[in-house]
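Me: Hi! Could you walk me through this one in plain words?

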Amino acid sequence: MKDRERTEKKILDAVGSIIASNGFEGIGINAVAQKAEVSKMLIYRYFGGVDELISSYLLQKDYWVNTNIDFSESSDIGKSLKRLFREQIRQMRSDITLRRLHRWELSTADQTVRLLRERRERNGCELVKAVGELTCSPHAEVASLASILSASISYLVLMEEQTAVYNGIDLQSDTGWEQVAQGIDLMIDLWMKHIRP
């Protein structure tokens, strides 16, 4: 790893650490420079400013921006979709900064968030298109199903910190989340039967 890459990683790791402990409101060039033990000028040189710094961090962390959408090696599209949504659950539950990102995004509409949404939307549309082509399904049908499943996961993960039980499911346990994942698997199985009777 080159010196610049190592330093950029150190700076972005500092951003993540600050978000985990203080939320996005705690991000500032001074705080990041102090946490990363680098000069403010280096942050400005590498990232431009605080907005660009946050954008860089968000774009490397967001699940749907960075999801691999290549299903060409999979003979079982249903299994691949189940794995995709289970991975969303795993990542969001295990990464406090992802949860903070989703909360922050709901209350912010600045350029940083717009850029993140555009990238996520572009990747999501490519995913929907790929699944539609592989399953010979209408775009609207695939988009609806993907939106409902991904949004449900995001919502329930955010609820986990505030609500122990949702519809009788223990959101604060792995057992409860396995129940949620099995429900998603069932919906995907039913959809696959619908498109391939």
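**Cysteines, cavities and a serine**

Me: Why is C125 not bonded to another cysteine sulfur, and how exposed is C125?

Reply: At 36% relative accessibility, C125 counts as partly exposed; buried means under 20% relative accessible area, exposed over 50%, and partly exposed in between, with a 1.4 Å probe and protein chains only. The closest cysteine sulfur, in C136, is 19 Å from the sulfur of C125, too far for a bond. Keep in mind that this is a predicted model, where local features need pLDDT of at least 70 and side-chain atom pairs count only at pLDDT 80 or more, while totals for chains, interfaces and linings use all residues. Residues are numbered from 1 along each chain as its sequence is written, and side-chain values use heavy atoms, with hydrogens and water left out.

Me: And C136, buried or exposed?

Reply: C136 is exposed, with a relative accessible area of 73%.

Me: OK, how many disulfides does the structure hold?

Reply: Zero disulfides, counting a disulfide as a pair of cysteine sulfur atoms within 2.5 Å.

Me: New topic: how many cavities are there of 30 Å³ or more?

Reply: Two. A cavity is a set of points on a 1 Å grid over the protein atoms alone where a 1.4 Å probe fits but cannot get out, and lining residues have an atom within 4 Å of a point. The largest cavity has a volume of about 110 Å³, the volume being the space filled by probe spheres set on the points, which are joined across faces, edges and corners.

Me: What lines the largest cavity?

Reply: Its lining includes L81, F85, V131 and W191. α8 gives the largest share, four residues; helices here are DSSP runs (H or I, at least four residues), numbered from the N terminus. The lining divides into twelve nonpolar residues, no polar and no charged, where Ala, Val, Leu, Ile, Met, Phe, Trp, Tyr, Cys and Pro count as nonpolar, Asp, Glu, Lys and Arg as charged, and the others, Gly among them, as polar.

Me: What about the lining of the second largest cavity?

Reply: That one has four nonpolar, two polar and two charged residues. Among them are D62, W64, H102 and R120, and the volume of the second largest cavity is about 30 Å³.

Me: Last one: where is S137?

Reply: S137 is in the loop between α7 and α8, and it counts as buried at 10% relative accessibility. Leaving out residues up to four places away in sequence, S137 touches G132, V142, W191 and I195, with contact meaning heavy atoms within 4.5 Å.

How values were computed. 1 Å grid on protein atoms, 1.4 Å probe; cavity = no way out; pocket = protein on both sides within 12 Å on 5 of 7 lines; lining within 4 Å. Helix = DSSP H or I, 4+ residues; strand = E, 2+ residues; numbered from the N terminus.
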